[in-house]
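Please take a moment to look over the sequence and the model below before reading on. The paragraphs that follow walk through it step by step, beginning with a single residue and widening out from there.

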Amino acid sequence: MNRIKILIVIAASAVLISCTTPLSSRIAAHVDKVENSYKEWDTEDWAMSKKEYKALLKEYKENYNSFSAEEKAEINKAIGRYNGLLVKEGLEDVGGVLEDFGQRIPSLIEGFVSAFEDNDKN
């Protein structure tokens, strides 16, 4: 029973903290977390990050007019950083795919050329 009460208090505290912490700080903290650990992430980690990011963006869009110019600038900077990390990760993935493809090129060419060889050597 005490564990349930403790979990409820922790959950309520998390909700209160997220409501009182400015969006600019929360989105910057999320991007910092991504920047510091994305290299070790798998697909599931990225999916969770994107889900949280979308929720932050939704909050930003819904309350856009309530933010000061400075807050908007900070939030937009964090959005840019996050999108940059997505591109960077994508490019690193592409680099790995290209490297793998490059290692397979000799076999691919050999197979391609063999399709044109005369197989009727009776």
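**A walk through the helices**

Asn 83 has its place in helix α4, and it makes a convenient starting point for reading this model, which is predicted. With a relative accessible area of 34%, Asn 83 counts as partly exposed, because that value lies between the 20% under which a residue is called buried and the 50% over which a residue is called exposed. Although Asn 83 and Val 31 are 52 residues apart along the chain, their C-alpha atoms are separated by 9.5 Å.

From here it helps to step back to the whole chain. The protein chain has four helices and zero strands, so that someone reading along the sequence meets the pattern α-α-α-α. Of its 122 residues, 19% count as buried, and the accessible surface of the protein chain comes to about 9500 Å², with carbon and sulfur atoms accounting for 59% of that area. If we take the contacts in the protein chain with a separation of 6 or more, 68% of them are between residues that stand 24 or more positions apart.

How can the arrangement of two helices be put into words? Two packed helices are described by the angle between their axes and the distance between the axes. In this model, the axes of α2 and α3 come within 11 Å and cross at roughly 160°. Since an angle over 145 degrees counts as roughly antiparallel, α2 and α3 are therefore roughly antiparallel to each other. The crossing of α2 and α3 is left-handed, and the contact is made by Leu 23, Arg 26, Ile 27, His 30, Lys 33 and Val 34 on the side of α2, together with Trp 46, Ser 49, Glu 52, Tyr 53, Leu 56, Glu 59 and Tyr 60 on the side of α3.

The loop between α2 and α3 contains Tyr 38. Is Tyr 38 buried or exposed? Its relative accessible area is 3%, and because this is under 20%, Tyr 38 counts as buried. Tyr 38 and Leu 85 are 47 residues apart in sequence, while the distance between them in space is 8.4 Å, taken from C-alpha to C-alpha.

We can now turn to charged side chains. Side chains of opposite charge can pair when their charged atoms come close, and the structure holds five salt bridges. In one of these, Arg 81 is joined to Asp 32, with the closest N and O atoms 2.6 Å apart. This pair links distant parts of the chain, since Arg 81 belongs to helix α4 (residues 69–114) and Asp 32 to helix α2 (residues 23–37), with their positions 49 residues apart in sequence.

Arg 81 also meets Glu 35 in a salt bridge, at 2.8 Å from N to O. Here too the pair links distant parts of the chain, with Arg 81 in helix α4 and Glu 35 in helix α2, 46 residues apart. Asp 32, Glu 35 and Arg 81 are thus linked in a network of salt bridges. As for their accessibility, Arg 81 is partly exposed, with a relative accessible area of 26%, while Asp 32 at 34% and Glu 35 at 39% also count as partly exposed.

Another salt bridge is formed by Glu 62 and Lys 58, whose closest N and O atoms are 4.0 Å apart. What separates these two residues along their helix? Because Glu 62 and Lys 58 are four residues apart in helix α3 (residues 43–62), about one helical turn lies between them. Both Glu 62 and Lys 58 are exposed, whereas Arg 81, the residue that joins Asp 32 and Glu 35 in the network, is partly exposed.

Notes:
Residues numbered from 1 in each chain as written. Predicted model: local features only at pLDDT ≥ 70, side-chain atom pairs only at ≥ 80, totals over all residues. Heavy atoms only, no water. Salt bridge = Lys/Arg side-chain N within 4 Å of Asp/Glu carboxyl O. Buried < 20%, exposed > 50% of the residue type's maximum accessible area, 1.4 Å probe, protein only. Contact = heavy atoms within 4.5 Å. Areas by Shrake-Rupley, 256 points an atom, 1.4 Å probe, with all protein chains shown as cover. Axes fitted to C-alpha atoms, helices over the stretch in contact; angles between N-to-C directions. Parallel < 35°, antiparallel > 145°, perpendicular 65-115°, else oblique. Left-handed = near helix turned anticlockwise from the far one by under 90°.
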